[in-house]
Amino acid sequence: MSKAPFPRPILFVAGAVILLSIVTAAVGRLTGAANSTPTAPAVASRELLFRDQPNGAVAVYDARNTKVPIEMIAPATNGFLRATVRGLAQQRLRQDASVSVPFRLTEWADGRLTLADPTTGRAVEMEAFGITNESVFAELLTAQAKS
């Protein structure tokens with residue numbers, strides 16, 4: 001009992017769809033149409049340093065004043081902030097980039113919020129993770145030093 005061969009027209013259509021997808025993505029990248037760089041002006045920005053503490057907490061500092069943290073993230077809490085910063089920090093290690101350069105948290109006029117690493121060029125668009133996770137970083141824009 002032999003099986004009938006797979007219909008060639010279907011293979012050609014599938015191949016054409018794949019090729020069209022690749023070409024569309026390439027054109028988008030080359031022309032800048034797929035660029036996620038914000039086009040709105042920045043309305044607020046803050047340089048932040050994140051430092052692990054011996055007890056498992058994460059101290060968040062405004063880079064202009066590293067004596068007193070603006071926020072202290074308790075151990076085993078706020079997994080989204082920890083994972084986001086850890087991902088950016090790991091990229092720095094892979095690229096042998098400086099770990100002492102602060103990250104830049106920016107709020108854009110269109111309401112978007114990004115956390116960028118000037119040393120690697122990577123940026124995380126917070127809106128992609130929902131309002132609850134985004135608000136964690138939004139609070140850091142205006143947080144005052146904890147005494």
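## The sheet

Let's start with the strands: six of them make up an open sheet, ordered β3-β2-β1-β4-β5-β6, with antiparallel pairing. Keep in mind that this is a predicted model. At the edges stand β3 (71–73) and β6 (123–125), each with a single partner strand, so one side of each has no neighbour in the sheet. From one strand to the next, the twist averages 25 degrees.

## How the strands pair up

Take β1 and β4, which run antiparallel and are joined by six bridges. Here Leu 48 has Phe 103 in β4 as its bridge partner. Moving along, β4 and β5 are also antiparallel, with four bridges between them, and Glu 107 sits opposite Leu 113 in β5. These two strands, β4 and β5, make a hairpin with four residues in between, and Gly 111 in that turn shows a positive phi of about 95 degrees.

Then there's β5 (residues 113–116), which three bridges join to β6, again antiparallel. One pair to look for is Ala 116 with its bridge partner in β6, Ala 123.

## Helices on the sheet

Helix α2 packs on the sheet and touches β1, β2 (58–62), β3, β4 (103–108), β5 and β6. The direction of α2 makes about 125 degrees with that of β4. Helix α3 (residues 131–142), for its part, lies across β1, β2, β3, β4 and β5, and runs at about 100 degrees to β1.

## A salt bridge between strands

Searching the whole structure turns up six salt bridges. One to look at is Arg 46 with Asp 62, where the closest N and O atoms are 2.7 Å apart. Arg 46 belongs to strand β1 and Asp 62 to strand β2, so this pair ties together parts that are 16 residues apart in sequence.

## The largest pocket

Now for the empty space. The largest pocket has a volume of about 320 Å³. Its lining takes in 16 residues, and the ones nearest the centre are Phe 50, Asp 52, Val 85, Ala 89 and Phe 103. Two elements give two or more residues to this lining, namely β1 (42–52) and α2 (79–94). The largest share comes from α2, with seven residues.

What does the lining look like chemically? Sorting its residues gives ten nonpolar, one polar and five charged. Phe 103, one of the residues nearest the pocket's centre, has already come up as the bridge partner of Leu 48. Likewise α2, the helix with the largest share of the lining, is the one that packs on the sheet at about 125 degrees to β4.

Notes:
Residues numbered from 1 in each chain as written. Predicted model: local features only at pLDDT ≥ 70, side-chain atom pairs only at ≥ 80, totals over all residues. Heavy atoms only, no water. 1 Å grid on protein atoms, 1.4 Å probe; cavity = no way out; pocket = protein on both sides within 12 Å on 5 of 7 lines; lining within 4 Å. Points joined across faces, edges and corners; volume = space filled by probe spheres on them. Nonpolar A, V, L, I, M, F, W, Y, C, P; charged D, E, K, R; others polar. Pairing = 2+ DSSP bridges. Axes fitted to C-alpha atoms, helices over the stretch in contact; angles between N-to-C directions. Contact = heavy atoms within 4.5 Å. Salt bridge = Lys/Arg side-chain N within 4 Å of Asp/Glu carboxyl O.
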